[in-house]
Amino acid sequence: MKLTKKKKILAIVILIAIITSLGIHFTLNNKKEYTDYSYTEFLDKVDIGEINKVFLSDNEKITGTLKNGKYFKTDNPRTEGFKEKLLMSGVTVEENSGNTSIKDIGTFIFVILGFAGIAYFLNKNSPKQAEKEITKMSNIDDDGNNSSVITFDDVAGNEEVKESLKEMVDFIKKPEKYEKYGARMPRGVMLYGPPGTGKTLLAKALAGEAKVPFFAVTGSDFIQVYAGLGASRIRSLFKKARESEKCVIFIDEIDALGKKRRGGASGSGNDESDRTLNALLTEMSGFKGSEGIVVVGATNRIDTLDEALLRPGRFDRQIEVGLPDVNARHKILKLHSRNKPVSKDVDLGKVAYQTVYFSGAKLENLMNESAMIAAKRNEEKITMIHIDKAYYTVVAGEEKKDRSAISLSDKKITAYHESGHALVTKLVSPENRVTKVTIIPSTKGAGGFSMNLPPDKMYRTKRDIMNNIMIALGGRAAEEIIFGKDMITTGASNDIEKATDMALTMISRLGMDSESGLVNYDVLLGHNSGTNAHVQGRVKSLIDDQYKKTRKLLEENRDLLDKITNRLLETENINEDELNEIIENKETLN
Ligand code: ADP
Ligand code: ZN
């Protein structure tokens with residue numbers, strides 16, 4: 001009896017495997033639509049760098065992919081130097097001597113093994129349990145026993161983030177210690193920032209330093225077609241985590257399951273992701289924190305996250321992981337050159353300077369591409385020539401070809417814009433504090449930004465607010481002075497919003513405009529003062545006046561504006577002391 005049952009299962013498994021492999025074969029091959037190029041067309045595309053990869057074969061036609069991902073085919077020249085020409089032009093070449101059938105056999109074996117695994121589980125457990133078991137296994141990447149442990153030494157730059165995470169290492173290692181003092185353990189850390197800035201790497205390093213297992217999942221994996229599956233996956237993830245006692249759970253793209261819920265009636269939102277999110281929140285409140293389990297979430301867009309995720313007891317630590325500045329880029333480049341034969345004439349500091357707005361991942365990619373190019377050319381060392389060539393490959397791989405040129409002019413515009421804000425801040429009132437000026441974009445501001453903390457005071461005076469309007473307009477004013485009326489940018493959109501808001505408040509609610517009187521226009525107009533023509537006219541004229549004053553102030557201090565900008569272009573960051581120094585030096589010069 002038992003034997004026949006097993007045989008039956010085996011037969012079914014093989015049958016399904018055959019059908020599935022055929023399915024995979026056809027879908028894979030059908031997806032590719034090949035554009036046919038003449039050989040000369042093809043060579044033109046090689047020259048302008050549109051070709052990404054070529055598969056060499058002995059067939060009549062050879063195939064490959066364009067940089068935009070599309071497939072093409074063209075005549076096979078079958079000449080000697082063909083491969084070399086491609087390599088020299090930066091095209092990736094793969095030898096592909098008609099091994100599709102081997103691939104198919106591979107798929108077949110793979111599918112058989114997969115199904116055999118399923119059959120094994122079906123035999124072992126009850127069917128329902130098995131299903132859960134599999135989803136859990138396939139989605140959890142358990143690096144716990146991985147030999148290559150990642151530590152904080154593998155992360156360059158991001159010093160503040162590392163400091164913050166180092167504390168967590170201690171929490172994980174000795175939760176009892178903190179419990180004794182009654183300290184509430186952090187359960188979740190939210191890392192947010194642009195892609196490729198090392199969030200995953202940092203989470204792995206946290207686990208590596210604490211010497212605990214690392215469970216990684218991706219938010220979008222949880223959003224399933226089948227109701228309830230996402231939530232059950234969350235539960236099995238935490239179950240598995242608890243089994244290994246201490247650990248780090250990493251949830252990448254957490255925004256996929258923790259998007260802001262639309263308030264109001266049911267049915268509007270996505271019930272399934274709500275359920276998944278609720279399961280996550282429940283699990284997180286469920287553990288005491290004295291267990292040494294830390295959940296690390298990562299997102300590019302913290303502003304879209306459901307607030308419930310960020311409340312105490314959940315992801316109550318939020319750490320920004322920003323793009324690296326020039327120093328950090330230098331460190332990252334050094335780190336990724338560690339095991340590479342880099343020639344002595346390579347100045348990584350200079351490379352760091354040229355790679356503004358590059359993330360850590362892009363820098364890693366740059367060094368890797370350089371190594372590939374040097375290897376293809378059989379050269380002993382990686383030189384500046386290889387890095388330059390790789391630079392264009394990495395940048396072109398992005399979207400626009402001359403992104404580097406664009407970002408260099410972007411850098412200059414941002415530098416003047418931010419210097420404008422910073423200089424106006426200091427000039428209108430020396431009491432004002434500018435903690436930091438930077439041209440590296442943060443997730444909070446579109447461009448770089450400068451922060452100014454007005455001194456602590458009980459009341460704001462009319463002059464304070466007028467000054468703050470000037471500070472807000474300082475960025476645009478600097479742009480207009482330097483680049484001209486037609487070259488002003490969208491970078492000021494936030495500033496204009498702030499200025500308008502301040503002016504409107506002064507006029508409509510604070511009685512600070514003599515022509516408008518001591519009247520609250522919101523009360524008069526039912527919270528719609530902004531729609532009133534008189535108020536609008538006053539707002540516009542007040543902002544116009546402040547803008548003229550701002551321009552004049554900056555024009556009179558053009559030398560300072562240039563100096564601050566040049567410093568920013570060099571170092572990308574200026575702190576308050578450096579800013580004061582530049583401004584004070586001017587006074588002694590006069
Ligand atoms: P994210 O999770 O923020 O998208 P990752 O951690 O996946 O970024 O980074 C991808 C790769 O880029 C890393 O594996 C590493 O090689 C490189 N990288 C990114 N940031 C850094 C950094 N600060 N130091 C060293 N390498 C980095
Ligand atoms: Zn601005």
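Is Asp 545 buried, partly exposed or exposed, and what is its relative accessible area?

1. In this predicted model, Asp 545 is partly exposed, having a relative accessible area of 43%, which falls between the 20% under which a residue counts as buried and the 50% over which it counts as exposed. Asp 545 belongs to helix α20 (residues 533–556), and its C-alpha atom is separated by 9.5 Å from that of Met 470, although the two residues are 75 apart along the chain.

2. The zinc ion (ligand 2) takes its protein donors from His 417 (NE2), His 421 (NE2) and Asp 495, the last of these listed with two OD entries, at 2.0 to 2.8 Å from the ion. The angles subtended by the four donor atoms run from 51 to 145°, which makes the arrangement irregular.

3. Along the chain, the zinc donors follow the spacing H-x3-H-x73-D. Because His 417 sits in helix α16 (residues 403–428) and Asp 495 in helix α18 (residues 493–508), this pair ties together parts that are 78 residues apart in sequence; both His 417 and Asp 495 are buried.

4. Ligand 1 is surrounded by 17 residues, the closest being Ala 156, Gly 196, Lys 199, Thr 200 and His 336. By class, this shell holds seven nonpolar, seven polar and three charged residues, and α8 (199–210), α12 (326–335) and α14 (360–376) each contribute at least two residues to it.

5. Oxygen atoms of ligand 1 lie 2.5 Å from a side-chain N or O atom of Thr 200, 2.9 Å from one in the side chain of Lys 199, and 2.9 Å from a backbone N or O atom of Leu 201. Of the 560 Å² that ligand 1 exposes when taken alone, the protein buries 81%.

Methods. Residues are numbered from 1 along each chain as its sequence is written. Chains are lettered from A and ligands numbered from 1 in the order in which they are written. This is a predicted model: local features need pLDDT of at least 70, side-chain atom pairs count only at pLDDT 80 or more; totals for chains, interfaces and linings use all residues. Side-chain values use heavy atoms; hydrogens and water are left out. Donors are N, O and S atoms within 2.8 Å of the metal (3.2 Å for Na, K and Ca); water is not among the atoms, so sites may look incomplete. Four donors count as tetrahedral if all angles lie between 85 and 135 degrees; four count as square planar and six as octahedral if opposite donors are over 155 degrees apart and all others between 65 and 115; anything else is irregular. Helices (H or I, at least four residues) and strands (E, at least two) are DSSP runs, numbered from the N terminus. Buried means under 20% relative accessible area, exposed over 50%, partly exposed in between (1.4 Å probe, protein chains only). A residue is near a molecule or strand if one of its heavy atoms lies within 4 Å of it. A polar contact is a pair of N or O atoms within 3.5 Å; within protein, one must be able to donate a hydrogen and the other to accept it, and residues adjacent in sequence count only if both atoms are side-chain atoms. Accessible areas come from the Shrake-Rupley method with a 1.4 Å probe; for residues, only the protein chains shown count as cover. Ala, Val, Leu, Ile, Met, Phe, Trp, Tyr, Cys and Pro count as nonpolar, Asp, Glu, Lys and Arg as charged, and the others, Gly among them, as polar.
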